[in-house]
Amino acid sequence: MSELENVTTQSAPAPAGARIVAPRPKGEPRFPGGPAADPAGSHHERRIRSFQPRRSRVTTGQGDALRRLWPSWGLDIDGLRSLDLGEMFDGLPVVLEIGFGMGEATAQMAAADPGTGILAVDVHTPGQGNLLGLAERAGLTNVRVANGDAIILLREMLAPDALDGLRVYFPDPWPKKRHHKRRLIQPDFLTLAATRLKPGAVLHCATDWEPYAEQMLEVLSAHPGFENTEDDGGYAPRPAFRPLTRFEGQGLEKGHVVHDLLFRRKAG
C-alpha cells in the first residue's frame, strides 16, 4: 500500500451529506478560463515590485463571476501582445486604474461616467471576482479587469499616448524605511507613465499615509513630464468623482488625513 493510500484509508469518513471536494491537480488553474497565477511567467527581468500578491479566500459569488465573466471582461498581463484599447472599449477614452482593492469605488466611478472606459489592474483574486460581479449586476459595459503587473502592461502592452488618465488610489505605502524602494510612485514609474498618457491627461493619486503623500508630491513636482493642477503647487481637494471608499472611511475614523494629488502630463 502506498503512503497516499495509507493516509486515505486511515482518514475519518466524511459526515453524512457533506460535499466532498476533490483536490485540484498540481498545475491546474484555480478557475479554468480565469486569471492566471503568473501571467507574465519568468521571461521578464528581475526587479523590485511594488505589490505583494495575497492569498485570500474567494467566495462562491466571486468564483462564479471569475468563471463566467473573465473570458469576456478579463485579461492577463502577459507582456506578449499589444492591446487595442479603442477596440476593447468601443472607442471610449480609457483611464487606467492601478490597484482597485475590492472594486467598489471602481464600479461606482464607472456607473457615474459611462462615457469613460476603466481598465482596472490588480493581483488580488477575490477583488477581481468582486469587481466583475459588481459590474455585471450594475449592467456596466465600460469596465475591464486586468490581472498582473501594471509595469509590464504599461511598458509592453500599451501604445504611446494610449491613456486618457491614470489613477493610483491608496497604494501600499511600504511604511518601513528599508521598503521605500518598493513604493510605486517613483521617478522611473512616472517616466514610463508619461509616455503612455496623452498630453493633458491627469495622473490622480490618493493616499492616507502622510509620509508617502509627501514623497508623492516631491517626486511628481520634480518630474519634467508632469505639472501640478493646483496653482499653489500643493495637494488637491478630493474630486467629487472619487468615491469615499470603506477603506478610506476606516482611515478617517482613525484620524488619518487623506491627500489627493492631480498632476497633468505636459505636452511635448
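**Notebook: salt bridges, strands and cores**

I began with R68: its relative accessibility is 39%, so I put it down as partly exposed. This is a predicted model, and I read every value below with that in mind.

**Entry 1, the partner of R68.** I looked for what the R68 side chain meets. It forms a salt bridge with D64, at 2.8 Å from N to O. Both residues belong to helix α2, residues 60-73. They are 4 residues apart, about one turn of the helix. D64 has 34% relative accessibility, so it too counts as partly exposed.

**Entry 2, other salt bridges.** How many salt bridges does the structure hold? I noted 9. One of them joins the side chains of R155 and E156, at 2.5 Å from N to O. R155 has a relative accessible area of 31%, and buried would need under 20%, so I call it partly exposed. E156 is at 27% and therefore also partly exposed. I then checked for shared partners. D64, R68 and E136 are joined into one network by salt bridges.

**Entry 3, R242.** Is the pair R242 and E248 buried or exposed? Both residues are buried. Their salt bridge brings the closest N and O atoms to 2.7 Å. The charged end of R242 also sits over the ring of Y169, 5.7 Å from the ring centre. I found a similar note for R144: its charged end sits over the ring of F89, 5.5 Å from the centre. I searched the whole structure for aromatic pairs and got 0.

**Entry 4, strand β5.** Next I turned to β5, residues 163-169. Of its 7 residues, 6 are buried. Which strands pair with β5? Strand β2, residues 94-98, runs parallel to β5 and is joined to it by 3 bridges. Here E97 stands opposite R167. Strand β6, residues 197-207, is also parallel to β5, with 6 bridges between them. On that side, G165 has V202 as its bridge partner.

**Entry 5, the cores.** I looked up the largest nonpolar core and counted 43 residues in it. L85 and F189 have the most contacts inside this core. Helix α6, residues 150-157, gives the largest share, 6 residues. Another core lies apart from this one, with 23 residues. Among them are A107, A110, I118 and L140.

**Entry 6, around F189.** I went back to F189 for its neighbours. Leaving out residues up to four places away in sequence, F189 touches I98, I151, L154, L166 and L184.

How values were computed: Residues are numbered from 1 along each chain as its sequence is written. This is a predicted model: local features need pLDDT of at least 70, side-chain atom pairs count only at pLDDT 80 or more; totals for chains, interfaces and linings use all residues. Side-chain values use heavy atoms; hydrogens and water are left out. Buried means under 20% relative accessible area, exposed over 50%, partly exposed in between (1.4 Å probe, protein chains only). Helices (H or I, at least four residues) and strands (E, at least two) are DSSP runs, numbered from the N terminus. Two strands pair if DSSP finds at least two bridges between them. Rings of Phe, Tyr and Trp (its six-membered ring) pair if their centres lie within 6.5 Å; planes under 30 degrees apart count as stacked, over 60 as edge-to-face and the rest as tilted. A charge sits over a ring if NZ of Lys or CZ of Arg is within 6 Å of the ring centre and within 35 degrees of the ring normal. A nonpolar core is a set of buried Ala, Val, Leu, Ile, Met, Phe, Trp, Tyr and Cys residues joined through side-chain atoms within 4.5 Å. Contact means heavy atoms within 4.5 Å. A salt bridge is a side-chain nitrogen of Lys or Arg within 4 Å of a carboxyl oxygen of Asp or Glu.
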